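Hi,

Here is the structure I promised to pass on. Have a look at it first, and then read my notes below.

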Amino acid sequence: QRSEDNRLQKQLKRVTALLTPMSKYYCSELAQTCANDCISVMGGSGFMRDYRAEQRFRDARITTIYEGTSQLQVVAAIRGVTSGTAEKLYVELEARPAANDSERHLRDMLGEMRGLLQAAVDQLKKGGADYLDLSARKLVDVAIDILIGYLFLEQATHCERKGILAARFITQALSRAKSRIELVMTGERSTLDAYDKIIGPMIEENV
């Protein structure tokens, strides 16, 4: 019994180490996007302190910085993606019987996304840690979309509205995944290999 408890504890610890940075990263970035869109909708008024939109944006923006920046959350989350923790979680979510043909079709789309993600992970493991770090954000974005897709489908069994949202989200997420994974699989490394030439000298010498 104790060995089983220890195994379960280790498993939950790995899942927590994956979901915590994913949640912080996704929610803070989404909050910033929503606040920014709010300012855009309001136009110049949204930028002025007469309204609270600008305060909402500042409040949202700081969440991507304090308690670990978004990039640090990505660095933490990518470990769970490359180690297989994310895929094991998807397998558990996939185990629930599909409610209808529509859900089965959406699950097939999520399965395609999982295949794309795993292919990219396998490829990047051969390319070195630096390229994995460079591509980590794209991979984590795909991993989060897959997770949200499964959660939407689970909620859709109790709510017709969530079923509509699930179909919209998963369809768009698959398109995003294809684009992100295609970029990763190109192996384009100029950001790493030609960094100094692209950025240029930090301080130009007086001539």
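**The core and what packs around it**

The largest nonpolar core has 41 residues, and the members that touch the most others are Met 22, Val 81, Tyr 90, Leu 117 and Leu 139. At least two residues of this core come from each of H1, H4, H5, H6, H7 and helix H8 (160–185). The top contributor is H7, with 14 residues. Keep in mind that this is a predicted model.

Met 22 is a good place to start looking. Leaving out residues up to four places away in sequence, Met 22 touches Ala 77, Val 81, Ala 143, Ile 144 and Leu 147. Val 81 in that list is also one of the core members with the most contacts to other members.

Next, try H5, which covers residues 85–94. Its buried residues are Thr 85, Ala 86, Leu 89, Tyr 90 and Leu 93. These sit on the same side of H5, because they span an arc of only 140° around the axis. As a reminder, residues three or four places apart in an α-helix point the same way, because there are 3.6 residues a turn. The cover over the buried residues of H5 includes helix H1 (2–42), helix H4 (70–83), helix H6 (101–125) and H7.

How do H5 and H6 cross? Their axes come within 12 Å, at an angle of roughly 165°, so H5 is roughly antiparallel to H6. The crossing is left-handed. On the H5 side, Glu 87, Tyr 90, Val 91, Leu 93 and Glu 94 take part, and they meet Arg 107, Arg 114 and Leu 117 of H6.

H6 also packs against H8. Here the axes come within 10 Å and cross at roughly 20°, which means H6 is roughly parallel to H8. This crossing is left-handed too. Many residues make the contact, among them Leu 106, Met 109, Leu 110, Met 113 and Leu 117 from H6, and Ala 166, Ile 170, Leu 174, Ala 177 and Ile 181 from H8. So Leu 117 is worth clicking on: Leu 117 is in the H6 contact with H8, in the H6 contact with H5, and among the core members that touch the most others.

One last residue, this time a charged one: is Asp 141 buried or exposed? Asp 141 lies in helix H7 (residues 129–156). Its relative accessibility is 17%, so Asp 141 counts as buried, the limit being under 20%. Apart from neighbours within four places in sequence, Asp 141 contacts Tyr 25 and Arg 180.

Cheers

How values were computed:
Residues are numbered from 1 along each chain as its sequence is written. This is a predicted model: local features need pLDDT of at least 70, side-chain atom pairs count only at pLDDT 80 or more; totals for chains, interfaces and linings use all residues. Side-chain values use heavy atoms; hydrogens and water are left out. Helices (H or I, at least four residues) and strands (E, at least two) are DSSP runs, numbered from the N terminus. Buried means under 20% relative accessible area, exposed over 50%, partly exposed in between (1.4 Å probe, protein chains only). Contact means heavy atoms within 4.5 Å. The arc is that of the directions from the helix axis to the C-beta atoms. A nonpolar core is a set of buried Ala, Val, Leu, Ile, Met, Phe, Trp, Tyr and Cys residues joined through side-chain atoms within 4.5 Å. Axes are lines fitted to C-alpha atoms, for helices over the stretch in contact, and angles run from 0 to 180 degrees between N-to-C directions. Angles under 35 degrees count as roughly parallel, over 145 as roughly antiparallel, 65 to 115 as roughly perpendicular and the rest as oblique. A crossing is left-handed if the near helix is turned anticlockwise from the far one by less than a right angle, and right-handed if clockwise.
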